[in-house]
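Subject: Structure handover

Hello,

Here is the structure I promised to pass on. Please open it first, then read the notes below it.

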Amino acid sequence: MCLMKYKGNPVSPGIGLGNVYLYKPFNMEVAEATITKDSTEAAVQQYLDLRDKAHEELIAIKEELLLTGNNDKACIVDAQASMLLDVMMNSEVEKLIRDSLFSLESAVEKTYSKYADIFSKAKSQQIRERATDLKDLKTRLHRIWFGVEEQSLASLEKEAIIVAHDLFPSDTARLDRSKVLAIVTEIGGSTSHSAIIARSYEIPAILGIDGIMKKLTDGEPVIVDAIEGVLHTSPEKSTYDHYTKVLLSYLEQAREIKQYLDVEPVTQDGTRIEVNLNIGSEKPEELSGSPYTDGVGLFRTEFMYMEGSTLPTEEEQYLAYRKVALEFGKRPVIIRTLDIGGDKQIESFKLPKEENPFLGLRALRLCFGNPSLFQTQIRAVLRAACHGNLWLMLPMVGSLDDIRKAKEMIEEVKKDLDKEGVEYVANIPVGIMIEIPAIALIAELVSEEVDFASIGTNDLCQYLTAVDRLNPAVSEYYQSYHPAMLRLIKHIVSAFSAAGKSISVCGELGGEPAAVALLIGIGLRKLSMGMSSIPKIKKLITGLTIEKAEALAEKAMTCKTANEVEQCLKEGIKNLI
């Protein structure tokens, strides 16, 4: 097989070198079939025996997990075991066998698929999540019935790179971390179960490589570069040797950098830099960075809308925001209002087809066109603010008109809450994402209209350089270190600092050491990033002085190309830490 590269979404950083294990859990299409009337009672008893055997399997898995201290995973399996004994579903299976003469496997298929479909459309997020459990249970029942041995990730004979279409909770519940070198799946994003498990186990993972199962064979050597998001097949010896060195270096750096996780981010000359967390939900794994950060610099609420086939209700959102508020207490939690459109589509809301969605009806513009969508979220945020220090941030703002219109809508929501006698926080700080060049250029005017702002460097760069950041054909033109980016960011920081207003960076640049040295040098004192970036950024901060950072920033500002800027910064920080 020739050397090939496949690009995916790196959701858990690291390098994996090894052989492929194609994980194909039992999954078969069950055609509708019937039985004779005189065999129905025997079929019912066979179903009850089958159910009991599946229940025993799950209880055994749960007990094994409890013994190894995996209590959270044991709870997931225990919930599935309880669902298996549900009286309503069992009665329906028996009824289909007795009254409609369905075969055992057909009755199981029809009943579990029916309830999975019902649950997936529920308003409650908690109930919607049960749909996956029901599909998982249906597969288990069919596997046992057809006498197929379970393919388990708990009993891998040797180290391997797991390649699968997707991973269910039961697939990973007993995963043997010591033998899993990396995970690659055909579907899934950063908030999927596979991604969460990979990050919690610190397993390198790339998700979303479409059709990869058909392109690989069991046992073939591959390299998983979950830093760049590239899967290399049939690597040459030189490539393998290169990545062996990269892996050793990565592991050594990871060990060293982790020591900085709990360090206070203070420069050598005593300047405190705020380090905040970017999150996508209220789930425990997302909030694990709470003890090490100054707050939440960006709560991407759109992920809540992506999880199900229906829009999250006001109450569901309120409970999620309240949980984060309580976790962080007096520390600020910046909640960005719904930011969908462009590359972010959701099942529960039909977006218009557009020639260029990144320049179309997205984020705040979409909310203006669908006021009930915006109002529901604002109500939930204002109510949840009673339990902590919530700030409200508006995305995709292009003018002062946008800001004023949004603020008017927020005031209308407050009036409605007053009429209803609902408790809320009236003086919640309201700010914006600065990601459109037009709003960045009038930063001094914007600072008079808002309480704070955060620079979204990903989209700001996209719009400033006129490059679709998701299009690989023009990726070389997407230049985060473009001199124009530096000048625009400096302009924004200067304007907000002069006005005494909070300004931060929450895009990818906020988690890159070279960029952070520059940002601090131009006066930024507040950063927000993903959990994995926190130790390395704290390490950088504690190794520099403001004077040296300013000198480096001044030097970088004289560079004429993006490449020159990047090289200048990377060389510069070698002398700072």
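Start with helix H12. Its buried residues are Glu316, Gln317, Tyr318, Ala320, Tyr321, Val324, Ala325 and Phe328. Keep in mind throughout that this is a predicted model.

The length of H12 checks out. The helix covers residues 314-328, 15 residues in total. At 1.5 Å a residue, these should span 21 Å, and the end C-alpha atoms are indeed 21 Å apart. Just past the end of H12 comes Gly329, with a positive phi of about 60°.

Next, strand E11, residues 332-336. Is this strand mostly covered or mostly open? Mostly covered: five of its five residues are buried. On one side sit Pro332, Ile334 and Arg336; on the other, Val333 and Ile335. Both faces of E11 are therefore covered, as every one of these residues is buried. As background, side chains in a regular strand alternate between the two faces of the sheet.

E11 has parallel partners. Strand E10 (residues 296-300) pairs with E11 over three bridges. There, Arg300 stands opposite Arg336. Strand E12 (residues 389-394) pairs with E11 over five bridges, again in the parallel sense. In that pairing, Ile335 faces Leu392.

**The cores**

Which residues touch the most other members of the largest nonpolar core? They are Leu390, Ile432 and Ile492, out of 97 residues in that core. Helix H19 (residues 483-498) gives the most to this core, with eight residues.

Leu390 is a good place to zoom in. Leaving aside neighbours within four places in sequence, its contacts include Tyr321 and Ala325, both buried residues of H12. Val333 and Ile335 are also in contact with Leu390, and both of these are buried in E11. The other contacts of Leu390 are Val381, Ala384, Ala385, Ile428 and Pro429.

There is also a second, separate core of 29 residues. Among its members are Leu50, Ile61, Val93 and Leu134.

**The eight-stranded sheet**

Look next at the open sheet of eight strands. The order is E1-E8-E7-E3-E4-E5-E6-E2, and the pairing is mixed. Strands E1 (4-7) and E2 (9-12) stand at the edges. Each has a single partner strand, so one side of each is left without a neighbour in the sheet. On average, neighbouring strands here are turned by 30° against each other, direction ignored.

Inside this sheet, E3 (residues 15-23) pairs with E4 (residues 160-164). The pairing is parallel and runs over four bridges. Tyr23 has Ala164 in E4 as its bridge partner. Helix H10 lies across E3, E7 (221-225) and E8 (230-233). H10 runs at about 110° to E3.

**Salt bridges**

How many salt bridges does a search of the whole structure find? It finds 26. Three pairs are worth a look.

- Asp78 and Lys62: the closest N and O atoms are 3.3 Å apart. Asp78 lies in helix H2 (residues 71-84) and Lys62 in helix H1 (residues 40-67), so the pair ties together parts that are 16 residues apart in sequence. Asp78 is partly exposed, at 30% relative accessible area.
- Asp99 and Lys95: here the closest N and O atoms are 3.0 Å apart. Both residues lie in helix H3 (residues 87-100), four residues apart, or about one turn of the helix. Both are exposed.
- Glu256 and Lys539: the closest N and O atoms are 3.6 Å apart. This pair links distant parts of the chain, with Glu256 in H10 (residues 237-258) and Lys539 in helix H21 (residues 534-542), 283 residues apart. Glu256 counts as partly exposed because its relative accessibility is 35%.

One network is also there to find. Salt bridges that share partners join Glu314, Glu315, Arg379, Arg383 and Glu420.

**One last residue**

Finish with Val44, in helix H1. Is Val44 buried or exposed? Buried, because its relative accessible area is 3%, and the cut-off for buried is under 20%. Leaving aside neighbours within four places in sequence, Val44 is in contact with Glu94, Ile97 and Arg98. Val44 and Glu29 are 15 residues apart in sequence, and their C-alpha atoms are 21 Å apart in space.

Best wishes

Terms used:
Residues numbered from 1 in each chain as written. Predicted model: local features only at pLDDT ≥ 70, side-chain atom pairs only at ≥ 80, totals over all residues. Heavy atoms only, no water. Salt bridge = Lys/Arg side-chain N within 4 Å of Asp/Glu carboxyl O. Helix = DSSP H or I, 4+ residues; strand = E, 2+ residues; numbered from the N terminus. Buried < 20%, exposed > 50% of the residue type's maximum accessible area, 1.4 Å probe, protein only. Pairing = 2+ DSSP bridges. Axes fitted to C-alpha atoms, helices over the stretch in contact; angles between N-to-C directions. Contact = heavy atoms within 4.5 Å. Expected span 1.5 Å × (residues − 1). Core = buried A, V, L, I, M, F, W, Y, C linked by side-chain atoms within 4.5 Å.
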